[in-house]
Amino acid sequence: MPISRAEIPTESGSKLINRLCKHWSHKFEVEHGEGHGRVQFETGTCLMEAEQERLLVAIEALDVDALDSLESVVASHLERMAGDEALTIVWEN
């Protein structure tokens, strides 16, 4: 299973995780705690952990096509939830 990771500079990591988990909990299985979250999509899993000045995101998918799709979905939702804060999201796999 292919895996992709991103370290996103932000001081709003916990807030972003809270928003995303709440948003996706209506459609997917979500586990959410203080400073971390897990979302189980149909084609893979997204793990998020907030640190003081960055948000760590890891995606594990069924195949490369699913990974590419989930990278796009997660990035677009993070950017939307961040509001006016510009995020730099670089996926490494």
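This report looks at strand β1 and two residues of helix α2 in a predicted model.

## Ground rules

Local features need pLDDT of at least 70 and side-chain atom pairs count only at pLDDT 80 or more, while totals for chains, interfaces and linings use all residues. Numbering starts from 1 along each chain as its sequence is written, and side-chain values use heavy atoms, with hydrogens and water left out.

## Strand β1

β1 covers residues 3-9 (strands are DSSP runs of E, at least two residues, numbered from the N terminus), and its side chains alternate. S4, A6 and I8 point to one face and are buried, meaning under 20% relative accessible area with a 1.4 Å probe, protein chains only. I3, R5, E7 and P9 point to the other face and aren't buried.

β1 pairs with strand β5 (residues 54-61) in the antiparallel sense, over 7 bridges; pairing takes at least two DSSP bridges. Within that pairing, E7 sits opposite L56.

## E71 in helix α2

Helix α2 spans residues 64-82 and includes E71; helices here are DSSP runs of H or I, at least four residues. E71 is buried but has no salt bridge, that is, no Lys or Arg side-chain nitrogen within 4 Å of a carboxyl oxygen of Asp or Glu. R5 is the nearest side chain of opposite charge, 10 Å away (Lys and Arg count as positive, Asp and Glu as negative; His and chain ends are not counted).

Skipping neighbours within four places in sequence, E71 is in contact with S4, I59, W91 and N93, where contact means heavy atoms within 4.5 Å.

## L78 in helix α2

L78 is in α2 too, and counts as buried because its relative accessibility is 0%. Leaving out neighbours within four places in sequence, its contacts include I8, L20, L55 and V57. L20 is 58 residues away in sequence, yet the C-alpha to C-alpha distance from L78 is 7.4 Å.

How values were computed:
Buried < 20%, exposed > 50% of the residue type's maximum accessible area, 1.4 Å probe, protein only.
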